[in-house]
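Welcome! Please work through a few short exercises on the protein shown here, trying each task before you read its solution.

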Amino acid sequence: MTIRLYDTSARKIRDFTPLRPGCVSIYLCGATVQAAPHIGHIRSGLNFDIMRRWFAHRGYDVTFVRNVTDIDDKIIQKSVEQGRPWWSIGYENEVAFNTAYDTLGCLRPTYEPRATGHIPEMIEMMRGLIERGHAYAADGNVYFDVRSFPEYLQLSNQELANLLQPSAEGETGKRDPRDFAMWKAAKEGEPSWETPWGRGRPGWHLECSAMAHKYLGTAFDIHGGGVDLVFPHHENEIAQAKAYGDDFARYWSHNAWVTMSGEKMSKSLGNSVLVSEMVKRWRPIVLRYYLGTPHYRSMIEYSEEALREAESAFARIEGFVQRVVEMAGKAVEPAADVPPAFAEAMDDDLGVPQALAIVHTTVRQGNSALTADDKEAAVARLAEVRAMLGVLGLDPLDARWSGGGADRGADLHGVVDSLVRLVLEQRQSARARKDYATADAIRDQLQQSGLNIEDTPSGPRWSLS
């Protein structure tokens, strides 16, 4: 059994070999909390949630760190525009992100550090880099000298001579325009912290290098994030960490964007789709299916039609699960392991689309067993389906989705079920007296209310359309 992952730094799929046998350490660049999350933000969390679940299924002890960037230029700008404290805006949106992660079924990280809680670690890293000749202070700023680090730009495969380094207002005193800021000098009215080089605030890149060092040590297995972070963020993280003396990440994993009309979904383009609004129109488990089942390195072009297709596909799975549970008359536990073909697909760079094909094939086999009244085979297929869906975070019988959590989903389903069955009994009575017009009218009215009615050998059953 060998898990293989595409490594951005190597530009190929590599066998995964952990630093410590039986353990895997993952650092994921999390939210910059300047606004509430859209589905493009949450896709990264979903993709790496599935990675984490698969490693755990394969027997690894997983340490998963997902940071929060709670101070940056945009948060400060929002603070000025809204007349609110910067920390109030950051915390409000941090809560919104965590609500979105929870709503879509992401497991909580092992650690979720905030940038502003790790200023001492950042100061220590800057001090070490200055002492080693890789950084310098100027006008209250601290910059990384990119020419001092020969490996710079190997991740993004750029040429230093052609580099255009993003630069913000106030970044004065650079020796080279390609150098990047690790620490930004304080401006009047902005949040700042004391350092040996003057008051200021952290640069975006320094935060992650310092927090990864604190929580995962000098070396760890996998660093993840969106493909848009390869440069400058991840490239600059590598430079800081390795120049400091860390081996840093051994594998680099990047998920692709959610696009809209061919463009990356972002607030700046005005084309974002907030998770809080999406879950009012789509069940969270359907949204997870939509965002989590394409391959993590494939772009997702957002459309209502694609979401409806995802809803229909998941409904076929859910319908099978419900029918077997009704037939069995008891809980059907997940199988001890997933089918070999599913495991093979997941081991090959988290091939979720291929793995999902195995799920649907197993569902079709289970439906055939139901048609043949083969209870034993149907239950066996459901056990396999539940095991596979559990890995993907999509098991509809899991307490997270079935109402075992804080919501009243299960209770409401029971109430609706009782009411619908009363109506179906009236329909059965009409059919028994051969009043087919009334029976059909009842069925049509139920369908107009959003219910599918299916006549089976054991009696009528309903499901949401």
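**Exercise 1: Unusual backbone angles**

Task: Where does Phe248 lie, and is Phe248 buried or exposed?

Solution. Start with the location: Phe248 belongs to strand β10, which covers residues 248-255. This is a predicted model, and the values below are computed from it. Next, look at accessibility. Phe248 has a relative accessibility of 1%, so it counts as buried, the limit being under 20%. Then turn to the backbone, where phi of Phe248 is near 65°, a positive value in a residue that is not glycine. As background, most residues other than glycine have a negative phi, and most peptide bonds are trans.

Now take Asp349 through the steps. Its phi is positive, about 55°, although Asp349 is not a glycine. Asp349 sits in the loop between α10 (340-347) and α11 (352-371). With a relative accessible area of 1%, Asp349 is buried.

Finish with a peptide bond: the one from Phe231 to Pro232 is cis, with omega near 5°. Pro232 is part of helix α6, residues 230-244.

**Exercise 2: Confidence along the chain**

Task: What is the mean pLDDT of the protein, and over which residues does pLDDT stay under 50?

Solution. Begin with the whole protein: the mean pLDDT is 92, and 94% of the residues reach 70 or more. Then find the weak stretch. Over residues 404-412, pLDDT stays under 50, and the model has five contacts there beyond four places in sequence.

**Exercise 3: Pairs of opposite charge**

Task: How many salt bridges does a search of the whole structure find, and which parts of the chain does the pair Glu94 and Arg114 link?

Solution. The search finds 33 salt bridges. One of them joins the side chains of Glu94 and Arg114, at 2.7 Å from N to O. This pair links distant parts of the chain, 20 residues apart: Glu94 is in helix α3 (residues 86-103), while Arg114 is in the loop between α3 and α4 (119-131). Now compare the partners' surroundings: Glu94 is buried at 9% relative accessible area, whereas Arg114 is partly exposed at 36%.

A second pair is Arg108 and Asp102, whose closest N and O atoms are 2.5 Å apart. Arg108 is exposed at 52%, and Asp102 is partly exposed at 26%.

For a third pair, take Lys214 and Glu121, which meet at 3.3 Å, N to O. Lys214 lies in helix α5 (residues 204-216) and Glu121 in helix α4, so this salt bridge ties together parts 93 residues apart in sequence.

The last step is a network: salt bridges with shared partners join Asp73, Glu171, Lys174, Lys184, Glu190 and Arg201.

**Exercise 4: Empty space and a buried valine**

Task: Which residues line the largest cavity, and which residues does Val146 touch?

Solution. Count first: there are three cavities of 30 Å³ or more. The largest has a volume of about 50 Å³. Its lining consists of Asn47, Ile50, Gly292, Pro294, Tyr296, Leu350 and Val352. Sorting these residues gives five nonpolar, two polar and no charged.

Now move to Val146, in the loop between β6 (141-144) and β7 (180-185). At 1% relative accessibility, Val146 counts as buried. Leaving out residues up to four places away in sequence, Val146 touches Tyr152, Leu160, Gln165, Arg178, Asp179 and Phe180.

Note on methods. Residues are numbered from 1 along each chain as its sequence is written. This is a predicted model: local features need pLDDT of at least 70, side-chain atom pairs count only at pLDDT 80 or more; totals for chains, interfaces and linings use all residues. Side-chain values use heavy atoms; hydrogens and water are left out. pLDDT is the predictor's confidence in each residue, from 0 to 100. Contact means heavy atoms within 4.5 Å. A salt bridge is a side-chain nitrogen of Lys or Arg within 4 Å of a carboxyl oxygen of Asp or Glu. Helices (H or I, at least four residues) and strands (E, at least two) are DSSP runs, numbered from the N terminus. Buried means under 20% relative accessible area, exposed over 50%, partly exposed in between (1.4 Å probe, protein chains only). On a 1 Å grid over the protein atoms alone, a cavity is a set of points where a 1.4 Å probe fits but cannot get out, and a pocket is an open set with protein on both sides within 12 Å along at least five of seven lines; lining residues have an atom within 4 Å of a point. Grid points are joined across faces, edges and corners, and a volume is the space filled by probe spheres set on the points. Ala, Val, Leu, Ile, Met, Phe, Trp, Tyr, Cys and Pro count as nonpolar, Asp, Glu, Lys and Arg as charged, and the others, Gly among them, as polar.
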